[in-house]
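Work through these exercises with the model open. Each one sets a task, then solves it in steps.

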Amino acid sequence: MSDTQVLPEKARIAIIGGGIIGTSVAYHLAKRGIQDVVLIERKQLTCGTTWHAAGLISLAWATPTLTNLAKYSHELYASLEEETGQATGYKRIGSISLARTEARLEEIKRTSSICKVFGVESEMINNTRLAELYPGINTEGVIGALYTPGDGQTNPIDTTMALAKGAKMNGVEIFENTVMEELLTKDNVITGIRTDKGTMEVDQVILCGGMWTRDLAKTVGVQLPLYACEHSYIVTEEMEGLTQRPVLRDFDRGLYFKEDAGKMLVGWFEDNAIGLPMDKITDDFCFGQFPLDQDHVEPYLLNGMETFPQLQETGIRTWFNGPESFTNDNLHLLGPTPQIDKLFIAAGMNSKGIGAGGGVGKIMADWMIDGFPSGDVSECDLRRHHPAQQHDEYVSERIPEALGHSYAMHWPFYQYETARDQIHSPLHQELTAAGACFGEVCGYERANWFANPGQEANYQYSYQKPNWFDNNKQEHMAMRESVGIYDMSSFGKFEVTGPAAGKNLQYICAGNIDVPVGKVVYTHFLNARGGIEADLTVVRTGETTYWVITGISSHSRDWWHLNHRLIDDVLLQDISMNFGAMALQGPLARDVLSKVTATELSNEAFPFATGKVMDVAGVRMWVQRLSYVGELGWELFVPAQHTATVYRALFEAGAKFGIRNVGMHAVNSARMEKGFVHWGHDVGPEDTLFDAGLEWAAKPNAGDFIGINGFKEQLQSKKSTRRLVQFKLDDTEAMLFHNEPIVMNGEIVGYLSSGMYGHAIGSAIGMGYVNSPDLSPIRLSKAKFEIEIALKRYSAQASLQGFYDPKGLRPKA
C-alpha cells in the first residue's frame, strides 16, 4: 500500500487475500463490470503460499468439476499476457502419469476415458514412447503411462501479477501491507471490515486467505475443515541436456518432476504428511519457509533417484519446505457460509490452486454477482460439511491423511482411517456386534455392509468385484425376496412448526405439501432457474407441524436453505439427534412389523406414502410407509434412547422370516435398480426436474414456489436435449462405479453419475445424463449404447425407467 492510497469508506465487495485465488476473483469481478472492489493483502501479493507453488496446470483431474475449472484456467492464462502486458510464463508442455501396478494402470486408463467426455486429449503410451518423451527416465517397473499433451505450467508469481494488473486496469483497488483485524457483522450479516488502515463498509466479503482463512472465519463463528501442512520439494543444480519436457508424475512413489530452466524440481505428497498448526506461523510470515526434516523426506528423494537416475549425479541447489492448506476430502471450500450472510469463502486448494485458480475466480465472481455459481460446484460447496467435521481435533488428524491421498490410489468406496467415530448411531453397538463394516459420511459412522461369521469386516480395495460383493448380494436380495433392516439414523430431520409452516414450505417446495396430516410428500427445493437444490421428503405430522427429512450429506446445505427461506411465525428445529431411524424393507416387512405392533398395516389402513404415530415394541414413535429401495416397507423414527430396544424387537420378530441386516451399499444398489436418484450424484443445482425425469413431482397448480418460472419455461419448451438415463451392462462381470463415459452410436454423449452392481438383475447398472439433440423415447430405444470402462467399451441396454419393477407395484403391495 502506497502512502497516497486511502482505504475507501465503502465498497461493494472486499476480497481478503492476495494470492492466485484472491486476484483471480478480483479480475473476474472487474471483468463483469463490478468496479467498487477492494482487495486486502496482509503483506505482499503471492507471499503466503502462491509464490512457492510448482505452477502445474493439469487437465486430467479426478472429478468433472475440477476438470472444468482447470480447462478454464488454461484458456485464461494463455490470454493474460496479451491482455495485460504482464508475462505469465504459461506454456503447454504436456504431462505423463506413470503406473507401476495393475490397479494404478486401471486408474489412469479410467482417467483417460473421462478425459474424452471433456474434450481433453490423452493417450496411453508404452515404455519406448515414454523414454522418447522423457529422456533419462528409468522405465523399469513401469507397466503403462498416460500422456496428456495439453497439460501445462505457468509462473505462479507472474500469473498472479497479471491477474492483479488486469483487475486494476478495470477499477479494482489493491491494498498491500494492510492487516485484516475484524469482520464486522450485524444480525449475522456482513456489514464491513476493520483493518489497521481504517474501517470500510461493504456489501459482501470473500475470504481467499489460504491457510489464514480458517482462523479469520472462526472470529464470526464459521468453522471450516481447513488445515495447513508442510509441503516440500527440491530444486537441483543445472543438468546438462535437460531441455523442456513434460511434467512427470510417479504416483506410486508419490513424486512429481518439473523441468525448471535447466534444473529439475522434484516434489512429493507423503502418506505421512506433517501437519502445521497456525501457531507455528508468525504474524510477519512473508515469502517464508520452514526447516526441512530430511529424514522424513529421504525415502521420496531416494525414490526420485530411482525414477530419474541423473539426480544421483546432480547437486541440490534448494531444499524447500513451505505451508499449503488442505481440506478433509481433497476438494475446495467454495461458496457462501451458512452462518453469516454475504460472507463467501474460496480456500482449501489442496495444492491445486494454480491449476484451478482461474476457474475458481470466475465461479466465485459469478456466484457473488448472480447469486448462484456459473457451473456445478456442488462437490466443492463448503456447506457439504457437517459440524462434526469442523472442530480443531478433527481437522488436525484427518487433513494430513487427506494430503497423502492426493497421489494415493483413488479406490472406489475408499474410507479414511483417521478422525473416525465422530458421530455414532443409537444402534452403533448393535450393528458392531452384528458384523458391520462401517464407512463415514460427514463424520457419521454408518454400516456399509455386514461380515458373515468368521469374515473380517474390512475393506480390500479393488476396481474389480470387491471382497464384500457376496455380502452385498445377500443383503440386497434379502430386501428383494424376504426382509431386511437398515439403519437410517444419520438422516437429517428438521421440524418446522407454526401457523405459517405450511405456507412457508409450500413456497420452498416444488411439490404440494398442503396435504392431510400423515401424508408423506417426495419433493424438491429448486433455485430460481429451476435447478434442483435438494431432493427430500416432507411429511405433515400435525396441523401446523412438518418434518423435512434429508440425507446426511445434504444436512448442512438443506438446513442453510430452510434458514434462509423460512419467514415469520415459523420455528425451525434440527431434531436429527433426537431420533434414531430404521427402514424395514422387503415383501415380508408387513409380517415382521405386525408382530410388534397392534396398528393395522393393511393397504387400506396404512396406505403407501402415509405415516402416523404408533406403538412399536411398546415404544411410541413416528412410522411412515415409504421405500428408497423399491419394496414394501416402513421407516421408523424412534426416540434415540429407545432405538436399540426396538431394533432388537424387530430382529426377534423377523427371525422366522429370515430378516437380515442391510448396509448402505445394498441400499445404494437397490435404489439404482429402481432408478431412484441421489442428490449430489444424479441431481444437483445445474440439473432440472425435466432433465432427471422428475417433472411429475412438481405441482405448479398448488401455488407459487421458488423456481416456478424456470420450471414453466422448461415445461413450455417441450424439447429435451439432456436426459437422465438408466443403463445395464450386457457383460455380467464388469463393474461400474461412476464417471464412466456414455457412448451413443459411437459418440461420447455424457458420463455416469452413479454406478453399482444390480444383484436382482444380475449386472452392473449405472445412470447418467445423455446429451443429444434428439432424446425421444423412440430414438433412445433404437440407439446403440456402450459404457467405456478404462478405455474398453461394453455394450449396454438403456432405459428411461429403472430396470427393476418399472411400474412401481412392489412398494404398494
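Rings of Phe, Tyr and Trp count as a pair if their centres lie within 6.5 Å; planes under 30 degrees apart are stacked, over 60 edge-to-face, and the rest tilted. The model is predicted.

**Exercise 1. Aromatic pairs**

Task: Find how many aromatic pairs the whole structure holds, then classify the pair Y233 and F320 and the pair of Y256 and F269.

Solution:
- Step 1. Searching the whole structure gives 32 aromatic pairs.
- Step 2. Take Y233 and F320. Their centres are 4.9 Å apart, with 25° between the planes, and the pair is stacked.
- Step 3. Place these two rings. Y233 belongs to strand β13 and F320 to strand β17, 87 residues apart, and the pair links distant parts of the chain. Both Y233 and F320 are buried.
- Step 4. Turn to Y256 and F269. Their ring centres lie 5.9 Å apart and the planes meet at 40°, so this pair is tilted.
- Step 5. Place them too. Y256 is in strand β15 and F269 in the loop between β16 and α7, so the pair ties together parts 13 residues apart in sequence. Both Y256 and F269 are buried.

**Exercise 2. Strand β13**

Task: Decide whether the faces of β13 are covered or open, and find which strands pair with β13.

Solution:
- Step 1. Count the buried residues. In β13 (residues 226-236), eleven of eleven are buried.
- Step 2. Recall the pattern. Side chains in a regular strand alternate between the two faces of the sheet.
- Step 3. Check each face. One side carries L226, A228, E230, S232, I234 and T236, and the other Y227, C229, H231, Y233 and V235; all are buried, and both faces are covered.
- Step 4. Find the partners. β17 (residues 316-327) runs antiparallel to β13, joined by eleven bridges. Y227 has F326 as its bridge partner in β17.
- Step 5. Add β16 (residues 263-268). It pairs with β13 in the antiparallel sense over three bridges. Here I234 is the bridge partner of V266.

**Exercise 3. The second largest pocket**

Task: Describe the second largest pocket by volume and lining.

Solution:
- Step 1. The volume is about 630 Å³.
- Step 2. Of the 31 lining residues, W367, G371, F372, W560 and R565 are closest to the centre.
- Step 3. Elements giving two or more residues to this lining are β12, β19, α8 and α13. α13 gives the most, with five.
- Step 4. Sort the lining: 13 nonpolar, eight polar and ten charged residues.
- Step 5. Look again at W560. The charged end of R383 sits over its ring, 4.1 Å from the centre.

Note on methods:
Residues numbered from 1 in each chain as written. Predicted model: local features only at pLDDT ≥ 70, side-chain atom pairs only at ≥ 80, totals over all residues. Heavy atoms only, no water. 1 Å grid on protein atoms, 1.4 Å probe; cavity = no way out; pocket = protein on both sides within 12 Å on 5 of 7 lines; lining within 4 Å. Points joined across faces, edges and corners; volume = space filled by probe spheres on them. Helix = DSSP H or I, 4+ residues; strand = E, 2+ residues; numbered from the N terminus. Nonpolar A, V, L, I, M, F, W, Y, C, P; charged D, E, K, R; others polar. Buried < 20%, exposed > 50% of the residue type's maximum accessible area, 1.4 Å probe, protein only. Pairing = 2+ DSSP bridges. Phe/Tyr/Trp six-rings, centres within 6.5 Å; stacked < 30°, edge-to-face > 60°. Lys NZ or Arg CZ within 6 Å of the ring centre and 35° of its normal.
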